[in-house]
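Me: I would like a close look at a single part of this model, taken slowly and with the reasoning laid out. Please begin with one helix and work outwards to what surrounds it.

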Amino acid sequence: MQGVIERRRAYLHLMRQLTLEKGFFTVHEVQLEAGVPRSTVQDWILRLSDEGCVVLLEPPRGRVPAQYAAASALPRTACRRIFTAVDGDLVEIVHECLSSACAAFCGYHHAIGASGRITVARDGNLLREYLPLGEHDIEVGLYPDPAVAIIGVYHDNGEIIQRIRSVGGPSFSLTGMMGRARGVLGIEVVRKGSCTEGWIRTKALTHLTVGIDNTDSPDEGATFALAIALLEHLGGFPGVYPICHQVVMLYPGIEQKTAGNSCSAIELAVDPDVIDQISAEVVRFVGDESVSSLWGVAIRSGLHIPAKLREYGFSSRRGVVSMTEARTVAAHTSVVLSGRDGIIGALAAVALTGLPVSIQLDPRRDS
């Protein structure tokens, strides 16, 4: 079976040929040439339209079908989302790309140019970078120099400004693609010799971590599934940028577990103006969707995990933790708890976010 990239190339080639021959094409014409169902052609036209590779020339009128034209074989942008969260002088930059290879490329070059000032984490197409506010003059160029570098990050009037310097392919992304990503408020680009520099403006969001536990029963439900549904649900609210879902294993010897004793955490970047609204929606959603009345939720703002909170997470993997201890730790680490027994695991989920998967899923490991 052809891969997605090969099918995309084949459909674009066909659509470009029809556009060159008569100036436009219809769904039926592509269906006849490709020998595929009409719905398949419609799906590809919609996808390629979203990428900016196909444009609608004439909408359908009565029995006259819609007319389309191929604009380009290149995607309109490889950058899906770019958004930022700030906590004191620490900034998180999240960049979701169409290509995991491009995300890896940027992460690698940013890291080698920053000399330890930047922490890079990549999960598939999602690139997450943490670095302090300030300027860092970094030379870019051909190998062995980095091809792209973040040379400055500034917090100004509710916005985060990234200053990026690049050459080659990254310059093409900087000038033609990054400004089209969701979350980007504006971009300014200048040419300096062989390099291109750009200033990218995004909203200064707040990082929100939500821990969830005890939403299921031995016969019904699964906390990980509810967490995924919650992440998708919250992504529909204005000012909310979903980041990821994580699973954490807790003390396996506890008697009250429904299965292996895992909990879930989700991470989001949220406009500061809607944090209260989103926090209330989290509690409402989990309460409504849980099959257990013992569900618990923990919510914390910020990028830093205090040492006391992290230690609580590890202690929850070594033995049984009381609700009193959970409430005490939460009060000292600015975590808001809601619900019943599940707050113990929910708080642990928040405490253990940001660790490698090999640690999160092995309750024997503390590091």
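Reply: What follows is a walk through helix α8 and the elements around it, in a model that is predicted.

Helix α8 covers residues 307–318, and its length can be checked against its geometry: at 1.5 Å a residue, its 12 residues should span 16 Å, and since the C-alpha atoms at its ends lie 17 Å apart, the two values agree. Within α8, the buried residues are L309, Y312, G313, F314, S315, S316 and R317. To take one of them, S315 has a relative accessible area of 16%, and because buried means under 20%, S315 counts as buried. Once its neighbours within four places in sequence are set aside, S315 is in contact with V321 and E325, and the second of these residue numbers falls within α9 (323–332).

Turning from the single residue to the whole helix, the buried residues of α8 pack against β12, β14 (296–301), α9, β15 (335–339), α10 (343–351) and α11 (357–360). Among these partners, strand β12 (residues 240–249) deserves its own description, for 8 of its 10 residues are buried, and it is therefore largely enclosed by the rest of the structure. Besides meeting the buried residues of α8, β12 pairs with strand β13 (residues 262–270) in the antiparallel sense, over 9 bridges, and within that pairing Q246 stands opposite A265 of β13.

Key: Residues numbered from 1 in each chain as written. Predicted model: local features only at pLDDT ≥ 70, side-chain atom pairs only at ≥ 80, totals over all residues. Heavy atoms only, no water. Helix = DSSP H or I, 4+ residues; strand = E, 2+ residues; numbered from the N terminus. Buried < 20%, exposed > 50% of the residue type's maximum accessible area, 1.4 Å probe, protein only. Contact = heavy atoms within 4.5 Å. Pairing = 2+ DSSP bridges. Expected span 1.5 Å × (residues − 1).
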